[in-house]
Amino acid sequence: MDARSCAVLALHWQVNVIEPEGFFGPMLAEPVASSGVVGRATRFHAAAAEAGATLVFTRFTIPEDEGELVRNTGFMQAVGESQESFRPAAPGAALIEQMADQPNLVVDNQKLSGLAGNDLPARLRDRGIDSLLITGVATNLTVEQTARHATDLGFHVQVVRDCVAAADEQTHEASLANLALTTAGCPTATEALHWLSGGETPA
């Protein structure tokens, strides 16, 4: 894996998802905190950047005109009804403090996939990026949706298994099992960094 053609796609590391006071805090804050995923992902992002990878963060936000939000699922209906919490300048939309200074690029959208409803796929290709290492919360929501989408768009996709988390361990593991079949695999952060640093990538 050539780090120069690889991006870390960091999904929904924002206050609304990660912190207790965020919109999804009642569901996700405790399992995220107990998993230790924030510390692991923060360290992975920094090491991947040091190896030469591009760090791209996505945020779920809702502008005043609702952008490309479509209320066609229970999830989208819920955030649409509380959209003030998701305004781009709202406290809940901000990246968490631990990662606020990490991105090379931040892209907002109103979709579950970080690659939908924006020009990010084209921007990645313009940078010569054809491989993605995905981190984020939640494993079974934005992570799985984005990973499947990216694979269909032709990217070489791997989900960094110890840098993602879900509301419960059973859901998390089930999602990783699906992703192992539908992407190029789910390496640990250590394995991914080994490949970024020039180590042999499994076929």
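The lining of the second largest cavity consists of five nonpolar, two polar and no charged residues; Ala, Val, Leu, Ile, Met, Phe, Trp, Tyr, Cys and Pro count as nonpolar, Asp, Glu, Lys and Arg as charged, and the others, Gly among them, as polar. The model is predicted, with local features needing pLDDT of at least 70, side-chain atom pairs counting only at pLDDT 80 or more, and totals for chains, interfaces and linings using all residues. Residues are numbered from 1 along each chain as its sequence is written, and side-chain values use heavy atoms, without hydrogens and water.

A cavity here is a set of points, on a 1 Å grid over the protein atoms alone, where a 1.4 Å probe fits but cannot get out; lining residues have an atom within 4 Å of a point. There are two cavities of 30 Å³ or more. The second largest holds about 40 Å³, and its lining includes His 12, Gln 14 and Phe 86. The largest has a volume of about 80 Å³. Its lining has nine nonpolar, two polar and no charged residues, among them His 12, Met 27 and Leu 141. Helix H2 (25-35) and helix H6 (139-152) each supply at least two of these lining residues.

The strands form an open sheet of five, in the order E3-E2-E1-E4-E5, with parallel pairing. Strands E3 (105-109) and E5 (156-165) stand at the edges with a single partner strand each, so one side of each has no neighbour in the sheet. Strand E2 (residues 54-60) runs parallel to E3 and is joined to E3 by five bridges; two strands pair if DSSP finds at least two bridges between them. Val 56 stands opposite Leu 105 in E3.

Key
Helices (H or I, at least four residues) and strands (E, at least two) are DSSP runs, numbered from the N terminus. On a 1 Å grid over the protein atoms alone, a cavity is a set of points where a 1.4 Å probe fits but cannot get out, and a pocket is an open set with protein on both sides within 12 Å along at least five of seven lines; lining residues have an atom within 4 Å of a point. Grid points are joined across faces, edges and corners, and a volume is the space filled by probe spheres set on the points.
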